[in-house]
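Subject: Structure for your review

Dear colleague,

Please find below the structure that I am handing over to you. My notes on it follow directly after.

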Amino acid sequence: MLRLVVTICLAATVVAFTQPNIVLIMADDLGWGDVPWHEPLAIAPTILNLANTGIILDRHYTQPICSPSRGALMTGKYPARLGLQHLIIGAGEPWGLMANETIIANYMKQLGYDCHGVGKWHLGYCSWALTPTQRGFDSFYGYYNGAIDYYSKSVPDRNHGNVY
């Protein structure tokens with residue numbers, strides 16, 4: 001019986017490692033020539049190594065601002081279907097990507113992946129239901145708004161100085 005249990009555990013361990021690791025990077029305001037696979041003068045050896053050993057997604061439609069682009073990436077839907085076609089979600093605004101939208105983290109969890117978010121969310125946070133850890137991510141280390149001062153950790157407000 002012990003041999004059977006050990007065999008099952010080993011088999012489960014082997015199955016767990018057959019799925020590829022997936023690192024999805026979305027960078028705001030990144031130009032075509034800002035990455036080393038398009039411009040050799042752009043020095044980013046770690047990103048270049050990830051690109052050379054992975055898949056580069058650089059032939060797709062994107063939006064000119066953050067929230068619509070992030071909503072489309074997370075859901076696989078056009079921003080107009082999400083109500084995100086015109087605006088970014090500002091600091092403290094009472095709306096966000098609808099909680100009933102299934103996002104990529106939900107799908108990845110169904111496939112047995114651990115999902116961790118790092119960086120900028122910018123899809124709303126007016127209720128906990130809209131935040132990353134309530135939407136399929138196991139953890140999130142970053143900020144919910146579109147911008148943050150990396151030193152003071154305050155959110156800039158163009159009209160009134162820092163919000164908080």
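Does G71 count as buried or exposed, and at what relative accessibility? G71 counts as buried, because its relative accessibility is 0%, below the 20% cut-off. Please bear in mind throughout that this is a predicted model.

**Overall organisation**

The chain has five helices and four strands. Read from the N terminus, the order of the elements is α-α-α-α-α-β-β-β-β. Of its 164 residues, 26% count as buried. The accessible surface of the chain amounts to about 11,900 Å², and carbon and sulfur atoms contribute 61% of that area. Among contacts with a separation of 6 or more, 43% are between residues 24 or more positions apart.

**Helix α3 and G71**

G71 belongs to helix α3. This helix is largely enclosed by the rest of the structure, because eight of its ten residues are buried. The buried residues are C66, S67, P68, S69, R70, G71, M74 and T75. Their cover includes the helices α4 (79–82) and α5 (104–110), together with the strand β1 (116–120).

Apart from neighbours within four places in sequence, G71 is in contact with G76, L82, L84 and L123. Of these, G76 stands just after α3 and takes a positive phi of about 80°. G71 and R81 are ten residues apart along the chain, and their C-alpha atoms are separated by 9.9 Å.

**The nonpolar core**

In soluble globular proteins, nonpolar side chains tend to be buried together. In this model, the largest nonpolar core has 14 residues, and the members that touch the most others are I103, W121 and F137. Once neighbours within four places in sequence are set aside, the contacts of F137 are M74, I103, A105, C115, H116, G117, W121 and P132. One of these, M74, is also among the buried residues of α3.

**The nonpolar surface patch**

Which residues make a nonpolar patch on the surface? I22, L24, I55, L57 and L73 do so, and the patch covers about 530 Å². I55 is situated in the loop between α2 (45–52) and α3 (66–75). I55 counts as exposed because its relative accessible area, 74%, is over the 50% cut-off.

Helix α2 also contains L50. With a relative accessible area of 40%, L50 is partly exposed. L50 and V23 are 27 residues apart in sequence, and their C-alpha atoms are 8.6 Å apart in space.

**Cysteines**

A disulfide is a covalent bond between the sulfur atoms of two cysteines. How many disulfides does a search of the whole structure find? The search finds zero. As for the surroundings of individual cysteines, C66 is buried, with a relative accessible area of 17%, whereas C126 is partly exposed at 44% relative accessibility. C66 is one of the buried residues of α3, and C115 is one of the residues in contact with F137.

**Where to look**

When you open the model, I would suggest viewing α3 with the elements that cover its buried residues, including α4, α5 and β1. The contacts of F137 could be viewed next, followed by the surface patch that includes I55.

With kind regards

Technical notes. Residues numbered from 1 in each chain as written. Predicted model: local features only at pLDDT ≥ 70, side-chain atom pairs only at ≥ 80, totals over all residues. Heavy atoms only, no water. Patch = residues over 30% accessible without salt bridge, like charges linked within 9 Å, V, L, I, M, F, W, Y side chains within 5 Å. Areas by Shrake-Rupley, 256 points an atom, 1.4 Å probe, with all protein chains shown as cover. Salt bridge = Lys/Arg side-chain N within 4 Å of Asp/Glu carboxyl O. Helix = DSSP H or I, 4+ residues; strand = E, 2+ residues; numbered from the N terminus. Buried < 20%, exposed > 50% of the residue type's maximum accessible area, 1.4 Å probe, protein only. Disulfide = S-S within 2.5 Å. Core = buried A, V, L, I, M, F, W, Y, C linked by side-chain atoms within 4.5 Å. Contact = heavy atoms within 4.5 Å.
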